[in-house]
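Colleague: I would like to go through the salt bridges of this predicted model. Please show it first.

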Amino acid sequence: MLETPWPLLNPPHVDRADQREALVRQLTISLQRGTAFRFYVHALDGYGRRSLAAEFFHEYKEAFGEAWVEVEARRADGTLVAPGEMLGQALRGLSVPASELPDSDDERRHQYGLLSARHKFLLVLKNVVTVEQVEPLLPSSPTAGVIVTVDHDMRELRRLNFEAIELGKLPKPFGAQLMRELLLTEHDEIDSATMGQLLELCDGHPLLLRVLAAQLRGQPEVARKIVSDVRASRISVVGLDDSGHIAATLDRVYQFGLTRAQQQAYRLLALIPGPDFGISAAAAALGLSEDATDRQLRELADRKVLHHDRERDRFEFHTILREDAKERALATEGSAGCASVVRTVLEWALEAVGPREEALVERWRVWPLTPTGALESRSVAFSWFDAEWRSVCAGVIAATRYGFNDLAWKLCVGVFSYLRIRGHIDDCIKTHNAGLEAAELAGDLGAVMQLRSQRGAGWLAKGDLDAAEADFRNSLEFANRISHLPGLQSGYEWLGKTELARARVAWRVAAGSLTAGDDHLAAAMRYFGLSRQVVSGAGAALPVGQTDRMLALLAMQESRAAVAKAFACQRAGLPATAVSEAAHIAGTHAVVALDYFGPDHPELDNRAKCLQLLGQAELLSADPSVSVARFDEAVALFAADRTPRAEAAARADLGDALTALGEDERARAEFTAAQGLFAELGDERAAAMKARLARD
C-alpha cells in the first residue's frame, strides 16, 4: 500500500448528490469490467471541483488502495506547470523520494509508467489547462483511477475515454442549507428577508457563500449593512472576498481563458438587461448573425463564463461574472459605447414585442404597431413572452436609467397584456412605475394616459381599490385633455370595474345586507353606461375593429355586475325570483359578449370568462346541468392559455355545479384541483377550498 497523505475535507459539504452518483455508477462499471475509471470535472474555481473528488475518495478509498495522488497543473499566476514537474509530483505521490527522482522528463515518464502499472490509486490532476498535460500521466493500469479538474469543458478529454461532470451553481435550497451549516446558531440571528438577500447576492456560488459566512461569524448584525452596501454599489459582490481569490480567478479566466473575440462578447453580453437571454438578443448585442452568435455563445458556455440552459436554450451569467463583465465593458467600451449596445438590444426587443403583444390581445394602443409580416399565433406569442418577459421588464428599468424614455414606455405598453394575463402583477406595477416616469419625462400625454390605466389595472388586481381609482381617474383626465376616445371609453370602463369591486367587498363584509353594495353597483353601471356612450358617439372615429370589441367587453362587465348582484341576493336570503331576475340579466349580457368572443376568437381568456359568467348565471337560475358544460369549456380554455388562477376559479365553479347535480365525487376532484392551484399561487382562496373539502 502506498503511503500517501489523504486529502483534507472541509465540512460542511456542498450537496452534489447527482454528481457523486455519476462517479459511483462509473466506478461500479469500471470494477465490473476491469476498465479505466476516468472523469473530468469542469467548473470555474470556487465551485468545489477538488472537494467533490476528495469527498468521493474518502467514501470509496478502498477501491483505490486507499492511495491519493494529487498533481497541480497550473500555477497561481495562471502559467502552466512544466511536464517534468508534473511527473515529479506524481512520482512523489507514488512514494518516490525527491532525492531519487530522475533528472530527465523521459526517465520520469518511464518510471511513472512502471510504478502506475503496479499500484491502485486515485490520481487527481488539478487545474489542467491543456489535454497534453493529461496524456503523459494516464496510469498504465485500469486499477488506477483519474479525476481531472478543469475550468472549462475540455471536450478533447472524451477521446481519451473520460466522462464529464459539470458543477453549476448551487440550487437555492442547497445554498440556504450550506449557509445555515456554516453559521450554526448565528444563522437565526439574521432575519429571513436579509438572509434571502444575502443568498441572492451569492447566487449559489459555493466559495462566495463560505466567504460571506466567514465575515458574518461573530458579527451577524452586519448582515444588513453588507446587503445595503452591495445594493448601493458601495462595494461589489466580488469585493466581499478579502482574500482576492475570486477576483484573481476572474482575471485569469478573462486574460488566459478567452480569445480576444470571446473577451469582447463576454463584455457586451453582460449589458443585455434581464436574468438571461436567447440567441436573438445576443446577436443584437454582438452585431453578429444568429449562427455566428450561437457558436460564440456555446464557446463561452464551454469556457464556463456562461451557463447554457439547454432545455430553454437560454444563456445566463453568474452574478459575479456579470458584474465583472460589466466593469470591463465600462472600462473598455466606455459609457457611451455601453449605452449604444443597450439601446440596440432594447430596439430589438421593442421590434419583437410589438407584433407578439398584438397576437395576445386585439386592442388599441397609443404605440402604433408595425408588424413586418403575418402575426404569430397566440400560443407562439405566449411562448416568446414566457422566455423573454423578465428581460423586457428589466429592459424598461435599463431604458429609464440610460434616459431612453421612448423605448422605456413603449416596452412597458408592449409587455402589459402578458403580465396581466399571466398574473405577474407586482412586476407589472414595478415596470409601470418606471415606464410612467419615462413617459412623463418624454412629455407624451398619450403614453401617460395608457400607462396610468394599465398600472391601475395592476392595483385593481391586487385589491388596492383606492390606488386603482386614482390611476383610472388620472388616465381619464389625460384622455379628456387630448380628446382620446379609446382612452375615454377605457377610463370609464375601468372606473366601473373598480366600483363593482367595491360593491363585492361591501356585500362580503356586510353579509346578508343587500343594500351595502348597492351604491357602488349603481356607480359601476353609470360608468359602464358612460363608456357605452363614448362608443356609440364615436362612430368611425375609433380604431378599426375596436367598436365591437369594446361593446363585447362592456357586455361582459355588465354580466359580471348582474352575477355579483344575484349572489348578493342569494346570500341575503331574498326570494328565488330576485336571484333569477339578476341571473337572467347576467346571462343575457354574457351571451352578447360570447357572440363576439366566439370559438375561433384568439383571445381565449376572454371567451373563457364569458363562458364562466354564463355558467354562473345558469347555475344561479337552477340549471346546473347546462352550466357544467360552460365551466368545463372555461377550465379547458384557461388551462390551454396557462392562466392557473383563472383556471382554479373556474374549477371551483365547476365543483359547485357538479355538487348541485349530486355528482359529489367529481365535484370533490374539482375542488381539490382548485385548492392545489390556489395554494401554488399563494392565493387566499386556497383556505376556502380547503375548508369546503373538509365540510364535504
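Colleague: How many salt bridges does the count come to?

Modeller: A pair counts when a side-chain nitrogen of Lys or Arg is within 4 Å of a carboxyl oxygen of Asp or Glu. By this rule, the predicted model has a count of 57 salt bridges.

Colleague: Which residue meets Arg74 in a salt bridge, and is that partner buried or exposed?

Modeller: The N to O distance between the side chains of Arg74 and Asp45 is 3.0 Å. Arg74 is in the loop between β2 (68-72) and α3 (83-93), and its partner, 29 residues apart from it, is in the loop between β1 (38-42) and α2 (49-59). Buried means under 20% relative accessible area. At 10% relative accessibility, the partner is buried, and its name is Asp45.

Colleague: How are Asp324 and Arg328 placed in helix α13, and what separates them?

Modeller: These two residues form a salt bridge, with the closest N and O atoms 2.9 Å apart. Both Asp324 and Arg328 are buried. Because they are four residues apart in helix α13 (residues 319-360), the separation is about one helical turn.

Colleague: How many residues apart in sequence are the parts that Arg378 and Asp641 tie together?

Modeller: Arg378 and Asp641 form a salt bridge, their closest N and O atoms being 2.5 Å apart. Arg378 lies in helix α14 (residues 378-402) and Asp641 in the loop between α24 (624-640) and α25 (644-660), so the parts tied together are 263 residues apart in sequence.

Colleague: What is the relative accessible area of Asp641?

Modeller: Its partner Arg378 is buried, at 7%. Asp641 is buried as well, because its relative accessible area is 2%.

Key. Residues numbered from 1 in each chain as written. Predicted model: local features only at pLDDT ≥ 70, side-chain atom pairs only at ≥ 80, totals over all residues. Heavy atoms only, no water. Helix = DSSP H or I, 4+ residues; strand = E, 2+ residues; numbered from the N terminus. Buried < 20%, exposed > 50% of the residue type's maximum accessible area, 1.4 Å probe, protein only.
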